[in-house]
Amino acid sequence: MKMFSSKKEERLERKKKKLAALATMMDLNAADKVDPEIEPVPKKKKKVEENGNLSDEQYKELKVELNKKRNELKNVPNLRLKPIGQKGMLETSPDERQPLLLDDIQNLLMVSLLKSSSPFTPWRWCHLEKVNKLTQTVVFLIDGLTSYDFSSHESLFVKSKDIFETKLELMLPEGDEKKIVEHLACVPLTESYKERLLRQYGTLEAAMGANIDHKLVFKSVFPVKESDSITELSDSIENETDLPEGDKFSRTQLLLSPLQLIDEDYPVPLKGELANRCKGYIMTQDTYSPVTSKSPMYGLDCEMCKVVSGRHEVARISIVNEQYESVYETLVRPELQIMDYLTPWSGITKEMMVDATKTLKEVQQDLRALLTPDAILVGQSLQFDLHALKMMHPYIIDTSVIFNISGERVRKSKLQTLAKEFLGEEIQKAYTGHNSIEDSCASLKLAKLKLANDIYFGDAHLQRKREFNANKHKDDSPQEKSNDLNGDKVHEPQVTTTIFSHMAKKKKKSLIVTTSNTTVNYEEYFPKTETDCPIQCLQLTTSKKAVSKAIELAIDHEFILTHIKMDVNPNDETEFGNKIQKIDKLISKMWKSVALNGLYVIILAGKSNSGVALIQIKNTKNCSFNTVEIDGNQSE
């Protein structure tokens, strides 16, 4: 037997004592996690000898157990907020808060379910660490509660406060619960997914015919009138395939998404920090129409001057139509005295501004009268122009985004460079400075040139993605290759698939449970083709029964969505408070059924466009005993 020196023996004894102390702590932690009223604390096998020391055999066993515990901790999924997510927290002051969009929550759900194969990620606002270790995704949609209701009655959400660390404000689409579910369920197609559909069906139109679950949906944080009529929806899809002369794909594919509008610092009608930055801004219309492939495009450009406050304000605005005809042109008199005309860049001189009388407010009203409800504004980095005009508009084509020479999204090219590279035109060369008519025409020409080619034209970033996808799918059909060689590749409208279709293709078992007072037909978003992984959809009469059924079947499903509606008079404070307490209990009972390492998301949505998202991942630190029993005596 090997003999140890006295020093080695001392070190070994110290290690044994440390492990013995850790073992005791582990037993205490395990006891704390068990509810003694539900399950008695199990009596553990004694690990430590009477003298407080470990035997060699006990030392080896504990070492193996601790290593196992350490490995388990390394594989625990975790949600970590990025700065944008932190700004959306309810604990952030309302003036500094920046609500998230439903798209953000949808992206989180997509990644939690589809892992690395998800077409979108929530990395804009959070990091979802160890995503492959997530075991289940549970969503509880509660219709009838706004962010104000939650904040003003937070003391009544006793159990929910103990469960959730992440509490976010959500910007919801205006309208009823159908709009909310539609925005949550419908997923825009990525370029790589479009390529796969083209390989499989030849055209996206054919794919839509084979997969009825694809729907044309334009998401927006602006008030857009959307039709719920299936006939009108079909007509809108037909309009998307009926392209204007010269266009090879729908101009709607070039529009900035709501998330892009926010990321590119465009003025949008949100609350909190964004509202403070856009204080005093107005929208170009009170209500907008859905944008289509035939919506008119207008090139817009503004020239600025510097006023005594140090700000840059509009001194000239020019708008041209698709025939490059000037439809609006005026000089604008700033409210404050001009300190610098910025002539080398703006082309504005003191002499030009002598007779300028038009005010910014008058310009705003002129634009509201000029632009149609579905007008598309085209320009280079238009966020600066819109901020200067103090106006907000939903439909934007930004030439600095749709054209990319560097291959990196963060590196943008100047309009002068793009015009020379793609139009063969020299602009902004006059010694007298820029010309807003010239710049607006150049932007519109670039957009129309791209529409006359394809979505990849002039975009090195997208081209690289296409090449990467092409290398992954070298078994393209001869027919598609022939079409590519002849330049006949067809570009169809931008459509969406649904989150349920993605899950069905990945064989994710899904459960939808609703109450009879909800008006959403979830089956409308289910894949219509045969699948080996059916989606189970149930409707119960009460919220309590819906939650009970969801809890009963949760163990057999990877995705569970429970949708209940809270019908109560908010003016009756007593009834309202009692209902909130019952909702809080249902949230808690649902939490107990969530699998270990499962993602739990609560969405509170009321009649206002301000809702709440509560998010938590279940782990060994925050879980409790998982046996769930709905109190039969609890009234609905």
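pLDDT is the predictor's confidence in each residue, on a scale from 0 to 100. Keep that handy, since the structure above is a predicted model.

**Exercise 1. Work out how far to trust the model, overall and in its weak spots.**

Start with the whole protein: the mean pLDDT is 80, and 75% of the residues reach 70 or more. Next, look for stretches that fall below 50. One of them is residues 228-234, which has three contacts in the model beyond near neighbours in sequence. Another is residues 625-636, where the pLDDT is also below 50, yet this stretch has 30 contacts beyond near neighbours in sequence. How should you treat such places? Where pLDDT is low, the predicted coordinates should not be read in detail.

**Exercise 2. Sketch the overall build of the chain.**

First, the secondary structure: the protein has 23 helices and 20 strands. Second, burial: 49% of the 636 residues count as buried. Third, the surface: about 31400 Å² is accessible, and carbon and sulfur atoms account for 50% of that. Last, look at how the chain meets itself. Among contacts between residues at least 6 apart in sequence, 74% join residues at least 24 apart.

For one concrete pair, take leucine 62, which sits in helix H2 (residues 56-74). Its C-alpha atom is 9.1 Å from that of lysine 16, and the two residues are 46 apart along the chain. Leucine 62 has a relative accessibility of 2%, under the 20% cut-off, so it counts as buried.

**Exercise 3. Go through the salt bridges and say what each partner's surroundings look like.**

Begin with the chemistry: side chains of opposite charge can pair when their charged atoms come close. The cut-off for this count is 4 Å between nitrogen and oxygen, and the total comes to 16 salt bridges.

Now take three pairs in turn.

- Glutamate 154 and lysine 167 meet at 3.5 Å, N to O. The glutamate lies in the loop between helix H5 (147-152) and helix H6 (158-163), while the lysine is in strand E5 (residues 166-171), 13 residues apart. Glutamate 154 is partly exposed at 27%, whereas lysine 167 is buried at 16%.
- Aspartate 286 and arginine 368 meet at 2.9 Å, N to O. Here the aspartate is in the loop between strand E7 (282-283) and strand E8 (297-307), and the arginine is in helix H14 (residues 360-370), 82 residues apart. Aspartate 286 is exposed, with a relative accessible area of 55%, and arginine 368 is partly exposed at 22%.
- Lysine 420 and glutamate 426 meet at 3.9 Å, N to O. Lysine 420 is exposed at 53%, and glutamate 426 is partly exposed at 46%.

To finish, check for residues that join up in a network. Asp104, Arg124 and Asp263 are linked by salt bridges in this way.

**Exercise 4. Find out whether cysteine 302 and cysteine 305 are buried or exposed, and count the disulfides.**

Cysteine 302 has a relative accessibility of 6% and counts as buried. Cysteine 305 is buried too, with a relative accessible area of 0%. As for disulfides, the test is a pair of cysteine sulfur atoms within 2.5 Å, and the count comes to zero.

**Exercise 5. Examine the nonpolar patch that includes methionine 339.**

Start by naming the members: Val308, Leu336 and Met339 form the patch on the surface. Together they have about 270 Å² of accessible area. Then zoom in on methionine 339, which is part of strand E11 (residues 338-340). At 49% relative accessibility, methionine 339 counts as partly exposed. Why not exposed? Because the exposed label needs over 50%.

**Exercise 6. Explain what catches the eye in the backbone of lysine 115 and leucine 342.**

The background comes first: most residues other than glycine have a negative phi. Lysine 115 has a positive phi, near 55°. This lysine is in the loop between helix H4 (102-114) and strand E3 (126-129), and with a relative accessibility of 17% it counts as buried.

Leucine 342 also has a positive phi, of about 50°, although it is not a glycine. Its place is the loop between E11 and helix H13 (343-346). At 13% relative accessibility, leucine 342 counts as buried.

Technical notes:
Residues are numbered from 1 along each chain as its sequence is written. Side-chain values use heavy atoms; hydrogens and water are left out. A salt bridge is a side-chain nitrogen of Lys or Arg within 4 Å of a carboxyl oxygen of Asp or Glu. Helices (H or I, at least four residues) and strands (E, at least two) are DSSP runs, numbered from the N terminus. Buried means under 20% relative accessible area, exposed over 50%, partly exposed in between (1.4 Å probe, protein chains only). Contact means heavy atoms within 4.5 Å. Patches are made of residues with over 30% relative accessible area and no salt bridge: like charges are joined within 9 Å, nonpolar side chains (Val, Leu, Ile, Met, Phe, Trp, Tyr) within 5 Å. Accessible areas come from the Shrake-Rupley method with a 1.4 Å probe; for residues, only the protein chains shown count as cover.
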